[in-house]
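I opened my notebook for a friendly tour of this model and wrote down what I looked up, entry by entry.

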Amino acid sequence: MLTLDGISKHFGGVKAVDDVSLTIKEGEIYGLIGPNGSGKSTTINLITGLYAPTNGTVLLDGQDLTSMAQHDRTALGVARTFQNIRLFGNLSVAENIWVAQNGQEQRRQHFMSRWFKAGGKQDQNIDELLQFSRLYSKKDLMASALSFGEMRRLEMARALASNPRVLLLDEPAAGASLEDGALLGERIRAVRERGVTVLLIEHMMELVMGITDRMAVLNFGRKIAEGTPQDIQSNADVRAAYLGTKHKNEEPAHA
Amino acid sequence: MDFYLGLLQILGVHTLLGLSAYVVLLTGQVSMAQAGFYAVGAYVAAMCTAMFGMHILPAVIVAALVSGALAMCVGFPALRVRGLMLVVATLAFGEMVRLFFFNLRWQVDLGGRLVGPNGAEGFRSIRFFPENGWDTGDVALFIWGIVAVVMAALWWVDNTRAGAVLRAVGHDEVAAQSIGLNLTSVKVTVMAVGGAIAGLGGGLYAHTVTHIEHGVFGVLLATFAIAYPILGGLGSVFGTLLAVIFVQGFLVEGLRFIGDWRSLLFGALIVVAMNLRPTGLLGERMPPLRKFFKRNDALKAQSTEAE
């Protein structure tokens, strides 16, 4: 459903993402891993439209998103979280979800009821998402008052508020313990149960290997491997990228 | 008594000026152009009544619309820049407006008397109020009626999703974009609304003083405009109101008795106020009125999270 076709992003001479193509199928949990600086976050930024690609196209169900504005991509069903959590700390927990209701359906609402409904925070969808994220009892707290884990959950709930078709998670387990990682795995599966396709960027290998259906590995902006977690674990190029090669003169990216 | 009613008029127009900056500031934009929109409103409303014989109410509405439309046009290019660059860009625009009126000469002959903006001389005889027998009290009441309507409207918007969206954009533009908010339309809309409110304030101001000239609408006024919401806090419209009362009522008028030392103390007191209340006099959040209407949320939460 989500296709990257030969996408590249160059910052000056740095090829942050270099000719990457991949296809994520509907209902899949797709992992994207790679060493630091291998272009994972840049790839997400290219999909959401935060960056314009140097080359290549992004397609969602065959529709070309490449030159679309970010808010239009949201309406079509692309949502994301950030590696360094970016909540609206000046709004309450419920309001954080409230402002994110910008999906296709929600946009069709009457102008007045969409923007100027009084007491709109008492919304079924918000309550449901709060319960899904186990944040209901904190709904009136300022988002800045939440614990780290709660912030991560709220950010995911906020991303789900627009009823996305594909959710891009940028290192959701960063800073979490192994046990938290296991719980997070359950949550990501639960997100998939809601009919949302997931693209997961993650360094916590236990998590990625445990829950993804397929995954790709980036190194120096290039895709060096793709396949099931088993395939990846036994892939020599991937090991070389992560652990280095015996032959020091050999460049792993082009091996 | 007239002194206090006159002061009340000043407080009213400055509240509108402050609110115009408040709306824009909610989205994180520091606009120094508000004095420019205020000037446009002042000149347009004055032209409407003094040159074309309109009633004051339609005149200030026309002024608001013209200023709002201008603000919208300024919004598109200006909002492509952020932070300090926006301050400089809007400052430059404000000066441009001021210099436009410095050079504008357009007078009509009304029964042997020339009326209209006359360059550096300014625009004299904006005499709608005295000509129609409004006394100081009537004018104050009229101004505060308009202020009340604007404040009520902004208070209401603040409580809707639109208000939360403005605050979200003000807090983090990247996150706001990522959840599907159209930054350009949000920012241009608030610029237009802010410009309209400033125009309204300017239109009323012109009629309270009967004589306007370009010098009034300079950087100092622009600074005042943005200082009110910052000093008062972005929690609600009442912060701006309180800051206007504090600055215009107390610092400017109340301290007159100390003479030339006033200007010095003025700055010092603002520094003290900002140190004691770094997020503004009334803070960043709306006072929790909602708590009075609290439903049985706590109970509901317990039952749903019992697992």
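**Entry 1: helix 1 and helix 9 of chain B**

At roughly what angle do the axes of helix 1 and helix 9 of chain B cross? Before answering, I noted that this is a predicted model. I found that the axes of helix 1 (residues 2–26) of chain B and helix 9 of chain B cross at roughly 170° and come within 8 Å. An angle over 145 degrees counts as roughly antiparallel, so that is how I logged helix 1 of chain B relative to helix 9 of chain B.

I then listed who meets whom. From helix 1 of chain B I picked out residues including B:Gln9, B:Leu16, B:Ser20 and B:Val24. Their partners in helix 9 of chain B include B:Val190, B:Ile197, B:Leu204 and B:Thr208. Sorted by class, the contact of helix 1 with helix 9 of chain B has 16 nonpolar, seven polar and no charged residues.

**Entry 2: helix 2 and helix 9 of chain B**

Next I looked at helix 2 (residues 34–51) of chain B, which packs on helix 9 (residues 183–209) of chain B at an angle of about 50°, with the axes 6 Å apart. That makes helix 2 of chain B oblique to helix 9 of chain B. I noted the crossing of helix 2 and helix 9 of chain B as right-handed.

On the helix 2 side of chain B, the contact includes B:Phe37, B:Gly41 and B:Val44. On the helix 9 side of chain B, I found B:Gly194, B:Gly195, B:Gly199, B:Gly201, B:Gly202 and B:Gly203 among the contact residues. By class, I have twelve nonpolar, nine polar and no charged residues for the contact of helix 2 with helix 9 of chain B.

**Entry 3: helix 2 and helix 4 of chain B**

Helix 2 of chain B also packs with helix 4 of chain B, at an angle of about 25° and with the axes 8 Å apart. I therefore marked helix 2 and helix 4 of chain B as roughly parallel to each other. In this pairing, B:Ala35, B:Gly36, B:Ala39, B:Val40 and B:Tyr43 of helix 2 of chain B meet B:Phe93, B:Gly94, B:Val97, B:Arg98 and B:Phe101 of helix 4 of chain B. The classes for the contact of helix 2 with helix 4 of chain B are seven nonpolar, two polar and one charged.

**Entry 4: two residues in helix 4 of chain B**

Is B:Ala89 buried or exposed? I looked it up in helix 4 of chain B, and with 20 C-beta neighbours inside 10 Å, B:Ala89 counts as buried. Leaving out residues up to four places away in sequence, B:Ala89 touches B:Ala78 and B:Val81. Its C-alpha atom is 8.3 Å from that of B:Met32, 57 residues away along the chain.

B:Val87 is also found in helix 4 (residues 83–103) of chain B, but I logged B:Val87 as partly exposed, with 18 other C-beta atoms within 10 Å. Beyond its neighbours within four places in sequence, B:Val87 is in contact with B:Val30 and B:Met32. I also noted B:Ala33, 54 residues from B:Val87 in sequence and 8.4 Å from it in space, C-alpha to C-alpha.

**Entry 5: helix 6 of chain A**

Which residues of helix 6 (residues 124–132) of chain A are buried? I found A:Ile126, A:Leu129 and A:Leu130. Looking down the axis of helix 6 of chain A, I see these buried residues within an arc of 100°, so they line one face of the helix. This fits a general rule: an α-helix has 3.6 residues a turn, so residues three or four places apart point the same way. The buried residues of helix 6 of chain A pack against helix 3 and helix 7 (148–160) of chain A.

**Entry 6: positive phi in chain A**

Just after helix 6 of chain A, A:Arg134 has a positive phi of about 50°. A:Asp61 takes a positive phi of about 50° although it is not a glycine. I placed A:Asp61 in the loop between strand 4 (55–60) and strand 5 (63–64) of chain A, where A:Asp61 counts as partly exposed with 13 C-beta neighbours inside 10 Å.

A:Glu171, not a glycine either, has a positive phi of about 50°. A:Glu171 sits in the loop between strand 7 (166–170) and helix 8 (178–193) of chain A, and counts as buried with 20 C-beta neighbours inside 10 Å.

**Entry 7: where the chains touch**

How many residues does each chain give to the contact? I have 27 residues from chain A and 22 residues from chain B. On the chain A side, helix 2 (70–76) and helix 3 (93–98) each supply at least two residues. The largest share of that side, four residues, comes from helix 2 of chain A. By class, the side of chain A that touches chain B has ten nonpolar, eleven polar and six charged residues.

How values were computed. Residues numbered from 1 in each chain as written. Chains lettered and ligands numbered in written order. Predicted model: local features only at pLDDT ≥ 70, side-chain atom pairs only at ≥ 80, totals over all residues. Axes fitted to C-alpha atoms, helices over the stretch in contact; angles between N-to-C directions. Parallel < 35°, antiparallel > 145°, perpendicular 65-115°, else oblique. Left-handed = near helix turned anticlockwise from the far one by under 90°. Contact = placed C-beta atoms within 7 Å. Nonpolar A, V, L, I, M, F, W, Y, C, P; charged D, E, K, R; others polar. Buried ≥ 20, exposed ≤ 12 C-beta atoms within 10 Å, placed from the backbone. Arc of directions from axis to C-beta.
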